[in-house]
Amino acid sequence: IQKSAWGKVWSDFEEQFNHDSFKIEQDKLQLWSGLHKDEIVEAKDLCERASTSKSYEEWQGRLTKNLDSFLEHLKKFLSPELKNDRDKLLSFFASLEVKIAPREFIEEDMMLHRMPESNLAPSALFSLLSQLVGETARVRESHTVENLQDWLKEKCIVISEAVSIEALHSAVYSSSSILRHQRNTIGKTGKHISRNISKDISKWLLKTTDKEPVGVLLDQAGTGKSVLIREVLEELERQGVNVLAIKADQQLSGVQNWDDLHAKLDLPVRVERLAGVLASQKPFVVLIDQIDALSLSMAHDQPALNLVLDMISRLRSIQGVRILISCRRFDFNSDPRLRILEGCKHFHLEEFSEEEIKGVLDGVGLEYDLLLPSTQKLLRIPLHLNLFLMAYESGESKTALQDRGFTSLQELYHLVWERVIMKQNLDGPPAWEREKALFLMTHYMNQEQKTTVPKSFFTKQDTHLYEKAIQWLSSEGIVGNEGKELGFFHQTFFDYC
């Protein structure tokens, strides 16, 4: 490093440190180098000792003879106001982070989320910049913002305007809205049963290291994975953590490329760049619910699942990013592409306890002890309890339902079909229209191999007659109506239909 350039680095740092926008003890200045030169190593050591010292005297007492001499060397480039103010000098060096990053580290781990948004792929832009720097380094040429702007213009490379941190926070919050509004109450009781494991998962996400950044919530269908993911989202947001929550069945179905993915999530920058920027401040968590909706057993959505798994691979390499995915156990074990998640931390949900089930049933006037043992066992699964209460609250003969024994999900769906979907309702659309609307949705999903139907599907000339039926089914909780897509309230209802 030329002495003149070396001195300018430190005088520039002082100028930034003294700027009105710089917040001491909160903001950081960074010096990156690709070489383990003596000056860089000593600067790194000097700054690290400053950041962990409570006073100037403590800092000085921790400096070796070499570091003390190096500090005197650096003071030559600083103003008298800074180097003569001991407390301010300590704060200056404590605000500096020195990082040594060889080219291999930059190419493998940082390139994708450090390259700015442009009309070139990140790898192409990085390659051109590397070539430029390599050629000019031989003659010790330096680069400024101005000459790089001219170079970009000559190459017809357009760099997108930077997106503010506030805009990134807003985009993340907005993109998470669908999962944030995931229904989490049972039947029409308005009651939510909190799962203790949600706090355990939240703690793990914040405490785990970069060596194990991915967790997978595995269980059978109907155990309440989506509700738990919402609980984790709410718990982390209460703690001020930035969380990008994605509902795969509604937000990722049908994506073919990265542009599709970013459009579906409505993000202003590439997802790995967004994660890299926000994770540089504090832990950044990505929640992906129902990744099985893209797998072989459901949608056969091969391009979408491949893209999502690629996204997970990129995100897990970013320092400070943590990921939690929910998946049905069957799909996890049967879809070979999901084996990329085998080495991750696994979580499982427990069934509802008798006390939890009794608490819900008491609220609607049902006695748990009067139910047949087969029904009691069935209601331990959250989905089953929800279906039972949907049917109970909608039917006229409630006492007869308590005396019946249920042994399968199929029986409960048949009950919901009779008592909810096909019930007589003078103010609503006729039952045959509701049935036809569900048939059209099922046929579309099966034909297109997707788990959702665009809302625009029911605005066409031959389907708009069933728009009221869809609205009615939505009000009864049968059809989900978030965002631009329609979907069934649970994946297993598609199988039943």
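**A walk through the chain, from overall build to a buried glutamate**

Of the 497 residues in this chain, 47% are buried. Keep in mind as you look around that this is a predicted model. The C-alpha trace spans about 90 × 50 × 40 Å along its principal axes, and the chain holds 26 helices and ten strands. Contacts reach well along the sequence: among those between residues at least 6 apart, 74% join residues at least 24 apart.

A good place to begin is the sheet. Five strands form an open sheet, and their order is β4-β5-β6-β3-β7, with parallel pairing. The edges are taken by β4 and β7 (345-347); each has a single partner strand, so one side of each is left without a neighbour in the sheet. From one strand to the next, the twist averages 20°. As background, strands of a sheet pair through backbone hydrogen bonds, either parallel or antiparallel.

Now step inside the sheet to one pair of strands. Strand β3, residues 214-219, pairs with β6 in the parallel sense over six bridges. If you want a landmark there, find V216, which stands opposite I325 in β6. Helix α13 (residues 225-238) packs on this sheet and touches β3, β4, β5 and β6. The direction of α13 makes about 165° with that of β5.

Another helix to visit is α17, residues 302-316. How far apart should its ends be? At 1.5 Å a residue, the 15 residues of α17 should span 21 Å, because the expected span is 1.5 Å times one less than the number of residues. The end C-alpha atoms of α17 are 21 Å apart, which agrees. Its buried residues are A304, L305, L307, V308, L309, M311, I312 and L315. What do they pack against? Three strands are among their partners, namely β4 (242-247), β5 (284-289) and β6 (321-328), together with the helices α15 (258-265) and α16 (271-279).

Finally, travel back towards the start of the sequence, to helix α1 (residues 3-17), where E14 is found. Is E14 buried or exposed? This glutamate is buried, yet E14 has no salt bridge. The nearest side chain of opposite charge belongs to K88, 6.4 Å away, whereas a salt bridge calls for a side-chain nitrogen of Lys or Arg within 4 Å of a carboxyl oxygen. Leaving aside residues up to four places away in sequence, E14 touches F77, L78, S79, L82 and F92.

Methods
Residues are numbered from 1 along each chain as its sequence is written. This is a predicted model: local features need pLDDT of at least 70, side-chain atom pairs count only at pLDDT 80 or more; totals for chains, interfaces and linings use all residues. Side-chain values use heavy atoms; hydrogens and water are left out. Helices (H or I, at least four residues) and strands (E, at least two) are DSSP runs, numbered from the N terminus. Buried means under 20% relative accessible area, exposed over 50%, partly exposed in between (1.4 Å probe, protein chains only). Contact means heavy atoms within 4.5 Å. Lys and Arg count as positive and Asp and Glu as negative; His and the chain ends are not counted. Two strands pair if DSSP finds at least two bridges between them. Axes are lines fitted to C-alpha atoms, for helices over the stretch in contact, and angles run from 0 to 180 degrees between N-to-C directions.
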